[in-house]
Amino acid sequence: TTYKTKKVQFAQEVDLANIAAQRAYSEINYKLYNARSLAILQNQGDFLKMIKNQGDITASAAERGVSGKSLAKMLVTNQQNFGINQAMRSRGLTSSFYRAKAGKEDIRRQLKSDINRSFSILINSNLIFGSSPKRVR
């Protein structure tokens, strides 16, 4: 009957909607993982750069005979630059996590909407093609 056909179609649409949602979730998680991995690699590079700069600063200061507070200020400034880079990267990652969370919520909402639309088609077809209601005695 038409209702049974619609019921099978509804089950297929639910399966397809779930698969599409899982693919979208996976894509978001993949992008988030890549962003996190890139941030870790950049952080490692910046850390090595900071260590090298500190050595260069110390060597340059020793050549010029600079020491004490002047050298300490240069070293602290170098560490501050590293800290600023870390803070910007951390902010970017936090923003990415929030965007991913919002994207997952959008996907979940779309999934529920697709399933509800398919269900309403199924129910409406039952009302249209179903047997007429029995008489109440």
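I51 is partly exposed, at a relative accessible area of 42%, where "partly exposed" sits between buried (under 20%) and exposed (over 50%), worked out with a 1.4 Å probe on protein chains only. I51 lies in helix α1; helices here are DSSP runs of H or I with at least four residues, strands are E runs of at least two, and numbering starts from the N terminus. Together with F47 and L48, I51 forms a nonpolar patch on the surface, with about 290 Å² of accessible area between the three. To count in such a patch, a residue needs over 30% relative accessible area and no salt bridge, and nonpolar side chains (Val, Leu, Ile, Met, Phe, Trp, Tyr) are joined within 5 Å, while like charges are joined within 9 Å. The areas come from the Shrake-Rupley method with a 1.4 Å probe, and for residues only the protein chains shown count as cover.

A quick word on the model. It is a predicted one, so local features need pLDDT of at least 70 and side-chain atom pairs count only at pLDDT 80 or more, while totals for chains, interfaces and linings use all residues. Residues are numbered from 1 along each chain as its sequence is written, and side-chain values use heavy atoms, with hydrogens and water left out.

Now the overall picture. The protein has two helices and zero strands. Its radius of gyration is 30 Å, well over the 14 Å that the globule rule gives for 137 residues, so the protein is more spread out than a compact globule. That radius is taken over C-alpha atoms, and the rule is 2.2 Å times the number of residues to the power 0.38. Along the principal axes, the C-alpha atoms fill a box of roughly 110 × 25 × 15 Å. Of the 137 residues, 19% count as buried. The accessible surface comes to about 10,700 Å², and 57% of it belongs to carbon and sulfur atoms.

On to the inside. The largest nonpolar core has eight residues: A17, A21, Y25, I28, L32, A100, I107 and L111. A core of this kind is a set of buried Ala, Val, Leu, Ile, Met, Phe, Trp, Tyr and Cys residues joined through side-chain atoms within 4.5 Å. Helices α1 (2-64) and α2 (69-129) each give two or more residues to this core, and α1 supplies the largest share, five residues. Leaving aside neighbours within four places in sequence, A21 is in contact (heavy atoms within 4.5 Å) with I107 and L111.

K104 is in helix α2 and, at 28% relative accessibility, counts as partly exposed. With neighbours within four places in sequence set aside, K104 touches Y25, I28 and N29.

Last come the salt bridges, five in the whole structure. Each needs a side-chain nitrogen of Lys or Arg within 4 Å of a carboxyl oxygen of Asp or Glu. Three of them are among the entries here:

| Pair | Closest N to O |
|---|---|
| E27 and K31 | 3.9 Å |
| K52 and D56 | 2.9 Å |
| R117 and D114 | 2.6 Å |

E27 and K31 are four residues apart in helix α1, so about one helical turn separates them. K52 and D56 have that four-residue spacing in α1 too, again about one helical turn. In helix α2, R117 and D114 are three residues apart, which also comes to about one helical turn. As for exposure, K31 is exposed at 53% relative accessible area, whereas E27 is partly exposed at 39%.
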